[in-house]
Amino acid sequence: MLTYIAKRLLMTIPTLLGAAVLIFFMLRVVPGDVIEVKLRGDGASVTQEVIDAERSRLGLDKPLPEQFTSWIAGLTKLDPGLSMWTGKPVVDEMSVRLPLSIQVAVMGALIATLIAVPMGTLSALYRDSPIDYLLRIFSLVGLAVPAFWFGMVMILLLLWLFNWLPPVIYTPFHVDPIANLSQLIWPALVVGIRYAAVVARMVRSSVIEVMKEDYIRTARAKGLTEKVIIIRHAMKNAMLPAITVIGLEFAFLMGGLVVTEQVFNLNGIGQLFVQAVAHRDFVLVQNIVMFIAAVFVFTNLAVDLLYAAIDPRIRYR
Amino acid sequence: MTLGTMAASVRVPSRTKPTAWRKMMQFAATQPLGAAGLVTVLVMAIAGALAPYIAPYDPVAISFSDMLAPPSWEHPLGTDNFGRDILSRILYGARTAIVMGLVSALIGSTLGAILGVVSAYFGGVIDLLIQRAVDIFLSLPIIVLALVVVAMLGRNLVLGFDFNLILAISIPIVPQVARVVRSSALSIREMAYVDAARVAGYSTRRIIFRHMAPNLMAPYLIMLTAFIAQAILLEASLSFLGLGVTEPSPAWGLMLAGNAVDFYRQAPWMIIFPGLAISLAVFSFNLLGDSLRDWLDPKARLR
């Protein structure tokens with residue numbers, strides 16, 4: 001098992017390196033960068049020397065391959081460079097905003113699981129019943145409604161019910177857990193419910209598959225109650241593919257975060273990313289994208305390892 | 001087996017080719033939900049096309065005397081903070097949404113399909129390289145990928161439409177389509193008629209476009225319809241973030257952008273109606289796409 005984990009960890013390196021190459025060079029296909037815009041933005045007359053000085057301070061005067069290798073070298077030391085817009089280290093920019101986004105993402109994933117697993121299971125067990133139709137409508141609507149609008153409608157609802165508007169200031173969990181949760185539960189619900197719409201369909205089809213298996217027939221033949229069959233036999237096996245989907249679609253949830261943070265006025269990674277794009281701050285953009293790619297790669301790895309832990313049929317060399 | 005039973009087991013194709021009309025009627029009969037989706041989509045497209053004739057007001061005309069007016073006979077869906085009529089803006093917005101959605105989905109799906117077929121046909125190193133790149137792009141949420149393209153290209157208005165925005169919406173679609181089309185193309189590549197074409201000495205281009213492509217039309221059409229929905233959603237999201245369609249062009253996402261949030265209390269209609277329009281458009285295209293899949297590819301339903 002340990003060698004398997006080591007092997008899988010090594011295998012993530014070429015994937016991440018490939019992603020780095022693609023993103024880095026894609027952003028630089030079109031010539032021109034932010035420095036000129038930043039310094040000349042207000043119509044200020046800036047000499048070429050000042051621009052060149054800023055370029056060399058940020059290391060943008062070097063040839064691209066050299067910039068790339070120094071970026072990768074920096075990444076391994078968790079020093080991925082300076083933001084082209086603010087000039088501050090990217091690590092500082094990202095680490096302040098990370099806890100918030102991670103908290104919302106994890107809460108969203110939890111909410112999604114709590115909705116999707118029972119809903120998917122029930123509609124698989126009672127196919128073509130009202131609950132099954134409800135799920136179908138839920139997943140169609142969930143995919144059609146834009147995340148940002150869903151967030152806005154939720155705010156309208158909260159305003160109407162509790163006279164609540166998203167607070168301007170973010171309260172961290174360790175400062176005041178209750179204020180923190182009451183602030184973040186809503187964006188988490190928004191991303192979670194949309195995510196549930198995707199996951200519930202997968203749970204449904206995996207439960208349907210499992211219910212056709214021989215061991216379910218055996219369990220029935222033994223005279224076990226339907227409750228025991230479903231909970232002990234069916235759910236346990238149906239959860240494996242469900243975990244895969246929850247892991248794979250975690251990226252979907254991160255995408256929802258980009259717009260949801262904007263709606264709820266949360267200064268997280270998503271909002272930082274949008275600002276970085278608006279400023280064409282390539283260094284910040286490439287690092288955030290790498291971060292998202294890394295989250296995807298490592299959630300996949302975690303899902304595979306979880307499989308090994310849960311399913312005794314899977315043996316790893 | 002006698003000749004008689006063999007003849008009975010072979011289904012005789014009808015002599016007359018079904019007309020487009022009859023095909024559509026058949027689609028409507030077997031896929032009522034898909035037909036409903038199709039009708040909604042058509043109504044939206046027509047409303048968008050006829051917007052200059054049916055919209056009660058100029059979508060960009062600012063009128064401070066009508067600011068933030070609630071829905072009434074005069075302004076069925078109310079007005080915004082500039083006194084612009086929301087119904088008129090939604091009607092004009094349908095143009096933007098459908099044109100952008102259609103064009104981007106068409107570009108994205110076509111590029112993706114070509115990439116998928118090329119990858120499957122050549123195999124080997126080409127396939128490996130394309131698939132690795134596709135894998136990397138698929139690991140990113142489509143909105144993130146679209147934003148990377150926005151950062152890469154900036155803005156470029158051609159004939160009133162931001163061509164770079166169209167690219168930003170189509171590029172995330174390419175890897176998704178490439179993956180699906182490749183897997184269909186892989187099985188088609190093994191078909192006897194492709195071997196026959198190769199033996200006959202046809203050029204690679206001819207084999208790909210004349211022999212393989214027609215057999216990939218069904219998955220292509222299904223993906224195309226589904227991705228129109230995705231493209232509309234993506235355009236709305238980018239416009240909402242202030243990185244898509246720019247003022248004063250009426251676009252649904254744009255109507256919810258910027259300072260719309262300052263009017264939660266005074267003018268909830270500013271928020272509700274544009275969002276409903278986006279949701280309805282995406283929902284209808286999704287419904288159409290799902291039904292098209294069931295209709296064109298009955299095997300997919302059993303999966």
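These are my notebook entries on a predicted model with two chains, A and B.

**Entry 1: chain A as a whole**

I began with the make-up of chain A. I found 13 helices and zero strands there, so my list of elements from the N terminus on is simply α-α-α-α-α-α-α-α-α-α-α-α-α. I then looked up the extent of the C-alpha trace of chain A, which spans about 85 × 60 × 35 Å along its principal axes. Chain A has 317 residues, and 35% of them are buried. I also checked how far apart in sequence the contacting residues are. Of the contacts in chain A between residues at least 6 apart in sequence, 74% join residues at least 24 apart.

**Entry 2: chain B as a whole**

Next I turned to chain B, where I counted 15 helices and two strands. Here 45% of the 303 residues count as buried. For contacts in chain B with a separation of 6 or more, residues 24 or more positions apart account for 71%.

**Entry 3: where the chains meet**

How many residues does each chain bring to the contact? I noted 41 residues from chain A and 35 residues from chain B. On the side of chain A that touches chain B, the elements that give two or more residues are helices H1 (2-27), H6 (130-144), H7 (147-162), H11 (250-263), H12 (269-279) and H13 (282-310). I sorted the residues on that side of chain A by kind and got 37 nonpolar, three polar and one charged.

**Entry 4: H11 and H12 of chain A**

Both helices were on my list from the chain contact, and I wanted to see how they pack on each other. The angle between H11(A) and H12(A) is about 95°, and their axes are 7 Å apart. The two helices are therefore roughly perpendicular to each other. From H11(A), the residues in the contact are Leu257(A), Val258(A), Glu261(A) and Gln262(A), and they meet Gly270(A), Gln271(A), Phe273(A) and Val274(A) in H12(A). By kind, this contact divides into four nonpolar, three polar and one charged.

**Entry 5: a look at Thr260(A)**

Still in helix H11 of chain A, I stopped at Thr260(A). Is Thr260(A) buried or exposed? I counted 28 C-beta neighbours inside 10 Å, so Thr260(A) counts as buried; the cut-off for that is 20 or more. Leaving out residues up to four places away in sequence, Thr260(A) touches Ala147(A), Phe148(A), Gly151(A), Pro187(A), Val190(A) and Val191(A). I also looked up Trp149(A): 111 residues separate Trp149(A) from Thr260(A) in sequence, yet their C-alpha atoms are 8.9 Å apart in space.

**Entry 6: H5 and H14 of chain B**

Back in chain B, I picked helix H5 (residues 86-122) and helix H14 (residues 269-296), which pack at an angle of about 30° with their axes 11 Å apart. That makes H5(B) roughly parallel to H14(B). The crossing of H5(B) past H14(B) is right-handed. H5(B) brings Ile86(B), Ile90(B), Gly93(B) and Ala97(B) to the contact, while H14(B) brings Trp269(B), Met270(B), Phe273(B), Pro274(B), Ala277(B) and Ala281(B). I sorted these too: nine nonpolar, one polar and no charged.

**Entry 7: a helix in the open**

Last, I looked at helix H10 (residues 192-199) of chain B. Why does H10 of chain B lie largely in the open? Of its eight residues the number buried is zero, so H10 of chain B lies largely in the open. Just after H10(B), I noted that Gly201(B) takes a positive phi of about 85°.

Notes: Residues are numbered from 1 along each chain as its sequence is written. Chains are lettered from A and ligands numbered from 1 in the order in which they are written. This is a predicted model: local features need pLDDT of at least 70, side-chain atom pairs count only at pLDDT 80 or more; totals for chains, interfaces and linings use all residues. Two residues are in contact if their C-beta atoms, placed from the backbone, lie within 7 Å. Helices (H or I, at least four residues) and strands (E, at least two) are DSSP runs, numbered from the N terminus. Ala, Val, Leu, Ile, Met, Phe, Trp, Tyr, Cys and Pro count as nonpolar, Asp, Glu, Lys and Arg as charged, and the others, Gly among them, as polar. A residue is buried if 20 or more other C-beta atoms lie within 10 Å of its own, exposed if 12 or fewer, and partly exposed in between; C-beta atoms are placed from the backbone. Axes are lines fitted to C-alpha atoms, for helices over the stretch in contact, and angles run from 0 to 180 degrees between N-to-C directions. Angles under 35 degrees count as roughly parallel, over 145 as roughly antiparallel, 65 to 115 as roughly perpendicular and the rest as oblique. A crossing is left-handed if the near helix is turned anticlockwise from the far one by less than a right angle, and right-handed if clockwise.
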